[in-house]
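I opened this notebook to keep track of what I looked up. The entries follow the order in which I checked things.

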Amino acid sequence: NQELMGKTARLQAASDISQELTRVYYERTIDLLSHTTRLISEKLGYYHVGIFLIDKARGFAVLQAANSKGGQEMLAKHHQLKIGGAGIVGYVSQSGRPRIALDTGIDAVFFNNPYLPQTRSEISLPIKFANNVIGVLDVQSTQSAAFNEEDTNILMTIANQLAVLLQREQEGTSANLGGKKRTQFTSFQKQFGYSFRSDGSIVSNAEVSPSPMVEKAIDSGET
């Protein structure tokens, strides 16, 4: 029962994070990436959460947001990691596949970070739209073996949502980026969608035919 309650609580936390990210994106009240790192840390109980975005030259993953004190120091120093270089983030940014270090003391890919001395396990997940890696979500814990398949699925869902929101922003498909409130979609507007591939990436779908299930989900706000 305790295990089931724990799983339910984590799924609820993931749902809360998802709804909050959508609200922040449309209302533009605060920085999306910074808010994401804080939400994941607070609701899922992680020591450090960082979000890297791939630079235009696709040579480095550049830290853009972090919740921890060490992460803030890294931001101030414009921390970046070479794609394909040492460390889990470098590996994920090149491979486009999640990577977990259950014990950072023995994992050969792990790169010791003096800004985060309490890290004992780490997971990095690609922020990927279609086949294009646009960033990396890096989460670290003070406990060894802190991440399992369930944690990976929850964090991958958040990373996928970030990919969609970042892609929308880049394409400018929502209202202008100058701070005005974004226009939300309604059931009376054209319907578009996104599909998940088996590798966890997301692809945009062309306009779909109206569906009673889609109409009901949009009108009610419920799954």
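In which strand is K128 found? I looked it up in the model, which is a predicted one. K128 belongs to strand β5, which covers residues 121-129.

**Entry on K128.** I then asked whether K128 is buried or exposed. Its relative accessible area is 7%, so K128 counts as buried, the limit being under 20%. I also looked for a polar partner of its side chain. A polar atom of the K128 side chain lies 3.0 Å from the backbone oxygen of G96.

**Entry on the overall layout.** I noted 6 helices and 8 strands in the protein. Read from the N terminus, the order of elements is α-α-β-β-α-β-α-β-β-β-α-β-β-α. The protein has 223 residues, and 43% of them are buried. Of the contacts with a separation of 6 or more, 53% join residues 24 or more positions apart. I wrote down an exposed area of about 12,400 Å², with 52% of it supplied by carbon and sulfur atoms.

**Entry on the cores.** How many residues does the largest nonpolar core have? I found 32, and the residues with the most contacts inside this core are I40, L44, I127, L137 and L155. At least two residues each come from α1 (2-27), α2, β1, β5, β6 and α5. The largest share is that of α5, with 9 residues. I followed I40 further: beyond its neighbours within four places in sequence, I40 touches I17, G45, Y46, V49, L137, L155 and I158. I also noted a second, separate core of 16 residues, which includes Y47, A66, V92 and A101.

**Entry on aromatic rings.** I searched the whole structure for aromatic pairs and got 1. Why is the pair of Y46 and F147 called tilted? The planes of the two rings stand at 35°, which is neither under 30 degrees nor over 60, so the pair counts as tilted. The ring centres are 5.3 Å apart. I checked where the two residues sit. Y46 is in the loop between α2 (32-44) and β1 (48-54), while F147 is in the loop between β6 (132-141) and α5 (149-171). The pair thus links distant parts of the chain, 101 residues apart. Y46 is buried at 7% relative accessibility, and F147 is buried at 6%.

**Entry on charges over rings.** I found the charged end of K82 over the ring of F60, 5.7 Å from the ring centre. The charged end of R99 sits over the ring of Y91, at 5.5 Å from its centre.

Methods
Residues numbered from 1 in each chain as written. Predicted model: local features only at pLDDT ≥ 70, side-chain atom pairs only at ≥ 80, totals over all residues. Heavy atoms only, no water. Phe/Tyr/Trp six-rings, centres within 6.5 Å; stacked < 30°, edge-to-face > 60°. Helix = DSSP H or I, 4+ residues; strand = E, 2+ residues; numbered from the N terminus. Buried < 20%, exposed > 50% of the residue type's maximum accessible area, 1.4 Å probe, protein only. Lys NZ or Arg CZ within 6 Å of the ring centre and 35° of its normal. Polar contact = N/O pair within 3.5 Å; in protein donor to acceptor, adjacent residues only side chain to side chain. Core = buried A, V, L, I, M, F, W, Y, C linked by side-chain atoms within 4.5 Å. Contact = heavy atoms within 4.5 Å. Areas by Shrake-Rupley, 256 points an atom, 1.4 Å probe, with all protein chains shown as cover.
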